[in-house]
Amino acid sequence: RDPYLTPTISDDYPYNGTEGFEDNCTAVELPHRDIFLPVLYSIVFIVGIVGNILLIGSLIFKRHIQRQIDIFIINLAFSDSAFLITLPFWVDKEIYSGLWRSGTFFCKGSSYIISVSMHCSIFLLTGMSVDRYLAILYPLVARRFRTKQHSIRFCICIWILSCLLGLPTLRSRDLQIYSDDTYCMDTTTVFTHKIESLLMLFFGFFVPLLSILTCYYSIIKKLCQHYQRTGPHDKKLRKSIKIVFIVVSAFVFSWTPFNIFKFIFLVFDFEELQPHFCFISNIAYVGMQLCGPFAFAHSCANPLIYFFFDDYIRKSMLLCIHPCTKASNIGTSSDTTDSRLIYSLTALAHGEDASRRRNRSVSL
């Protein structure tokens, strides 16, 4: 059971319902998961691969990365794509009731890719949140730091850090044989490894999540203040608030429930606690099984969100789908709702700064 990985991957109990639990604490398995999960993962795989490849192609080859935020979006699409290419292995596992038929290399390799992808996604979303936070709340200061070069360096650092954080998965993930059946699972049960897993989950998910929520709370508060000044008829501003709300909500509702259940499960997974908290462990385990598909689905949700709610990306993707479409019909300007809003807030910040300077000069 690896806290870095996803539900059916991280909580890979053999389907005899006893591994990982004490004799008097039997794991509870959801019925029909060998039918439902392969179908769901297959849909997520197809939609996610097509959507992310289209998103990457449209921004790199059709637009040549005109916006700085696109650097984060492209890296996030690569991270989601890396996550998605491992799904066929886990579809096969679910079809065969948890049996692993792909060998040690793909057991370790696919688990490592998922671990790296998950860390990379959360750190990229945190970086995007901080980027938006600086651009909207401190536009004058942010103009010196929000450059494409800085964003590229930041994304490279995120990938390096994520690759390092995924290394424990290579050490702990391996094949186990039970009753002549082979399973891909976490083979490390030592106390220090479980403590390390809890710390990784706390600092690798909950701390970045708190940063994301804090940034977006401040952003929405600032946007609402700007909304009150510009009047209730500013449709562009209303759309900006809507996009911010949808992006952060999609991430929170996809990953938070699963990771909360995972945290609870890890806390009560110690041998000393299992006999006394078997009921709580089973609730957490069932919760992970129920919430896991939502976490998987998030890897294919981002292209859909950006297509339907970001005019610039929608135009880029349509231009990629219909290369013969005239640019005048699709639009080629990089001026988006987000950039217009930042420009408006920058102008407002200039005005407020000038007003403060005048007040100081008068008081002096």
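In the next few minutes I will go through the internal spaces of this structure, then one short helix, and finally one helix pair. Please keep in mind throughout that what we are looking at is a predicted model.

Let me start with the enclosed spaces. The structure holds six cavities of 30 Å³ or more, and the largest of these cavities has a volume of about 270 Å³. There are 22 residues lining the largest cavity, and if you look towards its centre, the closest ones are Met 118, His 119, Ile 122, Phe 205 and Trp 255. Two or more lining residues come from each of α3 (69–84), α5, α9 (191–230), α10 (235–267) and α11 (278–309), with α5 giving the most, namely six residues. As to the chemical character of this lining, 13 of its residues are nonpolar, seven are polar and two are charged.

Helix α5 comes up again when we turn to the open spaces, and here I would like to take the second largest pocket, which encloses about 220 Å³ of space. Its lining consists of 14 residues, and those that lie nearest the centre of the pocket are Val 130, Asp 131, Leu 134, Phe 145 and Arg 146. At least two lining residues are supplied by each of α5 (103–137), α6 (139–145) and α7 (148–165), and α5 gives the most to this lining too, in this case four residues. By class, the pocket lining has seven nonpolar residues, five polar ones and two charged ones.

Next, a brief look at helix α4, which covers residues 87–95. Which residues of α4 are buried? They are Leu 87, Trp 90 and Val 91, together with Asp 92, Lys 93 and Glu 94. Just after α4, the backbone at Ser 97 takes a positive phi of about 55°.

That brings me to the helix pair. Two packed helices are described by the angle between their axes and the distance between the axes. For α11 and helix α12, which spans residues 311–321, the axes come within 6 Å and cross at roughly 105°, which means that α11 is roughly perpendicular to α12. On the α11 side, the residues in this contact are Pro 303, Tyr 306, Phe 307, Phe 308 and Phe 309, and they meet Asp 311, Ile 313, Arg 314, Met 317 and Leu 318 in α12. Taken by class, the residues of this contact comprise eight nonpolar and two charged, with no polar residue among them.

Technical notes. Residues are numbered from 1 along each chain as its sequence is written. This is a predicted model: local features need pLDDT of at least 70, side-chain atom pairs count only at pLDDT 80 or more; totals for chains, interfaces and linings use all residues. Side-chain values use heavy atoms; hydrogens and water are left out. On a 1 Å grid over the protein atoms alone, a cavity is a set of points where a 1.4 Å probe fits but cannot get out, and a pocket is an open set with protein on both sides within 12 Å along at least five of seven lines; lining residues have an atom within 4 Å of a point. Grid points are joined across faces, edges and corners, and a volume is the space filled by probe spheres set on the points. Ala, Val, Leu, Ile, Met, Phe, Trp, Tyr, Cys and Pro count as nonpolar, Asp, Glu, Lys and Arg as charged, and the others, Gly among them, as polar. Buried means under 20% relative accessible area, exposed over 50%, partly exposed in between (1.4 Å probe, protein chains only). Axes are lines fitted to C-alpha atoms, for helices over the stretch in contact, and angles run from 0 to 180 degrees between N-to-C directions. Angles under 35 degrees count as roughly parallel, over 145 as roughly antiparallel, 65 to 115 as roughly perpendicular and the rest as oblique. Contact means heavy atoms within 4.5 Å.
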